[in-house]
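Q: Could you take a close look at one part of this model for me? I would enjoy a connected walk through the hairpin and what comes after it.

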Amino acid sequence: MNCNICDSEIEEDNGDIVGNFGINPVAFCVWCVSSMTDMVIQLNSFDDIESLQERINDLKEEQYAEQKQS
Ligand SMILES: [Zn+2]
């Protein structure tokens, strides 16, 4: 099994990820997972304290709303 992005050999013992995107089986090495994580952080502005604080506030509001319902 090889990484779907860089084609290096997958070693699950070393923290490489094997799973599914929908119905498609996928595998990613730790380096590609790290790069994808960085990409998601940047795309969502999660490297910005203000944006993160807003997201935290949203999560808190969602949790309070859920607690009221139950
Ligand atoms: Zn890779």
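A: Happily, and let me begin at the far end: serine 45, which follows helix 1, has a positive phi near 60 degrees. This is a predicted model, in which local features need pLDDT of at least 70, side-chain atom pairs count only at pLDDT 80 or more, and totals for chains, interfaces and linings use all residues. Residues are numbered from 1 along each chain as its sequence is written.

Helices (H or I, at least four residues) and strands (E, at least two) are DSSP runs, numbered from the N terminus. Helix 1 covers residues 30-43, and its 14 residues reach 20 Å from first C-alpha to last, close to the 20 Å expected at 1.5 Å a residue; the expected span is 1.5 Å times one less than the number of residues. The number of buried residues in helix 1 is 0, so it lies largely in the open. Here, buried means 20 or more other C-beta atoms within 10 Å of a residue's own, exposed means 12 or fewer, and partly exposed lies in between, with C-beta atoms placed from the backbone.

Now to the hairpin. Strand 1 (residues 17-21) runs antiparallel to strand 2 (residues 24-28), and 5 bridges join them; two strands pair if DSSP finds at least two bridges between them. Between the strands are 2 residues, and glycine 22 in this hairpin takes a positive phi near 65 degrees. Of the 5 residues in strand 1, the number buried is 0, so this strand also lies largely in the open.

Across from asparagine 20 stands proline 25 of strand 2. Proline 25 counts as exposed because it has 10 C-beta neighbours inside 10 Å. Its C-alpha is separated by 26 Å from that of glutamine 42, 17 residues apart along the chain.
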